[in-house]
Amino acid sequence: MKLINRRALLLALGLVAATVRPRRAVAAEAPRTLLDENEAAAKKIGYIANSRKVDPKANPGFKRSHTCATCAYIDFGTARQRGCSLVPGRLVEAGGWCKLWKLKGTK
Ligand code: SF4
């Protein structure tokens with residue numbers, strides 16, 4: 001019985017390691033440039049570099065806690081500028097926001 005539990009644990013650890021590795025590989029890619037909210041890619045998703053400038057009347061679902069830092073699509077970490085999987089190769093401001101914001105953990 002203990003052998004089966006040990007195998008299950010090793011299998012689970014292997015699965016975790018397999019899912020963590022690709023994120024490290026992404027970090028080693030070419031440097032990414034900061035997304036400017038005036039670019040076409042930013043306008044397409046309604047990106048605003050400073051979420052405090054979001055017009056709540058024009059975006060009724062927006063709440064102050066809805067920033068890139070709390071979005072499911074931003075890279076893990078604590079850096080002020082991080083990658084967003086919806087704008088590959090670019091960085092977004094952790095304090096930014098866009099119309100595709102989705103709560104972290106709900107992806
Ligand atoms: S998808 Fe999320 S992380 Fe990416 S720009 Fe929009 S709010 Fe920010």
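**Confidence, sheet arrangement and ligand shell**

In this predicted model, confidence is lowest in helix α1, which spans residues 2-27 and has a mean pLDDT of 54, and highest in strand β3, covering residues 90-93, where the mean is 98. For the protein as a whole the mean pLDDT is 84, with 72% of the residues reaching 70 or more.

The strand with the highest confidence, β3, also occupies the middle position of an open sheet of three strands, arranged in the order β1-β3-β2 with mixed pairing. Because β1 (33-34) and β2 (81-83) stand at the edges and each has a single partner strand, one side of each is left without a neighbour in the sheet. In general, the strands of a sheet pair through backbone hydrogen bonds, in either a parallel or an antiparallel sense.

On one side of the sheet, β2 and β3 are paired in the antiparallel sense over three bridges. Within this pairing, Arg82 is placed opposite Val92 of β3, while Gly83 is placed opposite Leu91 of β3. The two strands β2 and β3 form a hairpin in which six residues lie between them, and Gly89, located in the turn, has a positive phi of about 80 degrees.

The pairing of β1 with β3, in contrast, is parallel and extends over two bridges. Here the bridge partner of Leu34 in β3 is Leu91, the residue of β3 that also stands opposite Gly83. Thr33, which likewise belongs to strand β1, touches both Arg90 and Leu91 when residues up to four places away in sequence are not counted. Although Thr33 and Arg90 are 57 residues apart along the chain, their C-alpha atoms are separated by 5.0 Å. Thr33 is classed as exposed, because 10 other C-beta atoms lie within 10 Å, and the cut-off for an exposed residue is 12 or fewer.

The model further contains a ligand, around which 14 residues are found. The closest of these residues are Cys68, Cys71, Tyr73, Cys84 and Cys98. When the shell around the ligand is divided by class, 13 of its residues are nonpolar and one is polar, whereas no charged residues are present; in this division cysteine and tyrosine both count as nonpolar.

Note on methods
Residues numbered from 1 in each chain as written. Predicted model: local features only at pLDDT ≥ 70, side-chain atom pairs only at ≥ 80, totals over all residues. pLDDT = per-residue confidence, 0-100. Helix = DSSP H or I, 4+ residues; strand = E, 2+ residues; numbered from the N terminus. Pairing = 2+ DSSP bridges. Near = placed C-beta within 6 Å. Buried ≥ 20, exposed ≤ 12 C-beta atoms within 10 Å, placed from the backbone. Contact = placed C-beta atoms within 7 Å.
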